[in-house]
Amino acid sequence: STKQSGSVDLGRLKEDSRIHPQAIDDYTTGLILEEEGDLAGAIEHYLKALSVYPDSYEIRLSLGQAFFRVRRYVEVLDALIPAERKSAEGFELMAAACRGLGLDDSACVFYFKVIELDPDNSMAYSYLAGYYRLAGNSDSTIWAYEHLARFQPENYRILQEIAKLYAQTG
């Protein structure tokens, strides 16, 4: 998950009167460094911002994304799990970090959280279809593939998989 420079809502950070100006400075410096490709510097500034403003979900999400980009998956989870507020994007990032750590069952839990917040997230259904297929759970695989077919009705591979699974399960 990469950050788009236009997706950052600095206005929401600045509106909150509880935020120390240093947190805003470190966060914006982190954003600039990340945009320039200096992920180590970005992480350093996000951590400084988070130490001043630990309740900021935006800072936690940016930190988690930077950790993910350098494959520090445990730190992704450490950054995002404590957040009180969570988003589909955050849950998707946590799921991807779990996959990177080989924690497929945990990734599955996070993908269900993604679906709760974003029922049209085809990536979550795609992961779940593969997860259930490997586990040999035909009914759940069919469920996931049927949701994928909603998003891609012209994808004949998905439709063939559904038909094959129905034939196997009777």
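Which residue caps the N-terminal end of helix 10? In this predicted model, the cap is Asn-155, which places a side-chain oxygen 3.1 Å from the backbone nitrogen of Arg-157.

**Helix 10**

Helix 10 covers residues 156–169, and its 14 residues, at 1.5 Å a residue, should span 20 Å, which agrees with the 20 Å that separates its end C-alpha atoms. Ile-158, Glu-161, Ile-162 and Leu-165 are the buried residues of helix 10. Because these buried residues fall within an arc of 100° when helix 10 is seen down its axis, they line one face of the helix. That buried side packs against helix 8 (122–135) and helix 9 (138–151), whereas the face turned away from it carries Tyr-156, Gln-160 and Ala-167, which are exposed. After helix 10 comes Gly-170, with a positive phi near 80°.

The helices named in this report, with their residue ranges, are as follows.

| Helix | Residues |
|---|---|
| Helix 6 | 88–100 |
| Helix 8 | 122–135 |
| Helix 9 | 138–151 |
| Helix 10 | 156–169 |

**The nonpolar core**

The largest nonpolar core contains 53 residues, and within it Tyr-111 and Leu-128 have the most contacts. Helix 6 is the element that gives the most to this core, contributing eight residues. When neighbours within four places in sequence are left aside, Leu-128 is in contact with Cys-108, Tyr-111, Phe-112 and Ile-115, and also with Trp-143 and Ala-144; Leu-128 and Tyr-111, the two residues with the most contacts inside the core, are thus also in contact with each other.

Note on methods
Residues numbered from 1 in each chain as written. Predicted model: local features only at pLDDT ≥ 70, side-chain atom pairs only at ≥ 80, totals over all residues. Heavy atoms only, no water. Helix = DSSP H or I, 4+ residues; strand = E, 2+ residues; numbered from the N terminus. Expected span 1.5 Å × (residues − 1). Buried < 20%, exposed > 50% of the residue type's maximum accessible area, 1.4 Å probe, protein only. Arc of directions from axis to C-beta. Contact = heavy atoms within 4.5 Å. Polar contact = N/O pair within 3.5 Å; in protein donor to acceptor, adjacent residues only side chain to side chain. Core = buried A, V, L, I, M, F, W, Y, C linked by side-chain atoms within 4.5 Å.
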